[in-house]
Amino acid sequence: MLLTEYRPFSVDKRLVEQSINENKTLTVKGVIQRAEAKNQNGRIYPKEILLREIQKYVDGPVKERRALGELDHPDSSVINLNNVSHNIVEVTMKGNDVHGVVEILTTPSGNILKELFRCGVTVGISSRGMGSVEENSDGVLMVQEDFDLLCFDMVSTPSTPGAYLSPMHEGVSTPTTNYTKVHNIIRDIICDNTGVCKC
């Protein structure tokens, strides 16, 4: 069974603008998953299972710079490179919380994600994995030992409130100058809505 878990986050619009205007990578961080807490899908991820899967994820995809995720959840366990929007570059577990550092890529889906952030849209981050669940005596679905973490996707429908990613460059702001305004107008004219320039 495909299992997904959602976490919402928002990003400072100034940092998105700065990454676009200065052609810099947008990096965000925050809680991306939580163990031992019932989510709005009615599931609990036991800490020992989540810890095991996070360690495998860090030792494999994160270490090898292939911890890619998509913009929206597909109905598949396969990561579609045509829809990749970000790469997870760091994952740590602190208590029951899994913290992540997420690099937004300059792919078409990554550029859409940046634009959503720039417009102030709250986007969720969601784990995707394969495994089974079993209902306990309290009626809660417990994720079982066969769980295999695949990736983290960016999604529109968060189910677990309270975990937000924030920009890595906190406190950094770029003043808006006439040059910046002209640059933005020119970029808007020569680039299509995915941020790909026509020149």
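This note goes through the nonpolar core, helix H2 and residue Thr92 in a predicted model.

1. The largest nonpolar core holds 30 residues, and among these Tyr57, Ile88, Val91, Ile104, Phe117, Phe152 and Met154 are the ones that touch the most other members. Two or more residues are given to this core by each of the helices H2 (47-62) and H3 (108-118), and likewise by the strands S2 (26-34), S5 (84-94), S6 (97-104), S7 (123-130) and S10 (148-155). Helix H2 supplies the largest share, which amounts to five residues.

2. Ile104 can be followed in detail: leaving out residues up to four places away in sequence, Ile104 touches Thr25, Leu26, Val28, Ser85, His86, Gly110, Leu113, Lys114, Phe117 and Met154.

3. In helix H2, the buried residues are Ile49, Leu50, Glu53, Ile54, Tyr57, Gly60, Pro61 and Val62. These residues lie on the same side of H2, because they cover an arc of only 150 degrees around the axis. As a general point, an α-helix has 3.6 residues a turn, so residues three or four places apart point the same way. The buried residues of H2 pack against S2, S5, S6, S10 and strand S9 (141-143).

4. Thr92 belongs to strand S5, and is partly exposed because its relative accessible area is 29%, which falls between the limits of 20% for buried and 50% for exposed. Apart from its neighbours within four places in sequence, Thr92 is in contact with Asp97, Val98 and His99. The C-alpha atoms of Thr92 and Ile54 are separated by 7.8 Å, although the two residues stand 38 residues apart along the chain.

Definitions and conventions:
Residues are numbered from 1 along each chain as its sequence is written. This is a predicted model: local features need pLDDT of at least 70, side-chain atom pairs count only at pLDDT 80 or more; totals for chains, interfaces and linings use all residues. Side-chain values use heavy atoms; hydrogens and water are left out. A nonpolar core is a set of buried Ala, Val, Leu, Ile, Met, Phe, Trp, Tyr and Cys residues joined through side-chain atoms within 4.5 Å. Buried means under 20% relative accessible area, exposed over 50%, partly exposed in between (1.4 Å probe, protein chains only). Helices (H or I, at least four residues) and strands (E, at least two) are DSSP runs, numbered from the N terminus. Contact means heavy atoms within 4.5 Å. The arc is that of the directions from the helix axis to the C-beta atoms.
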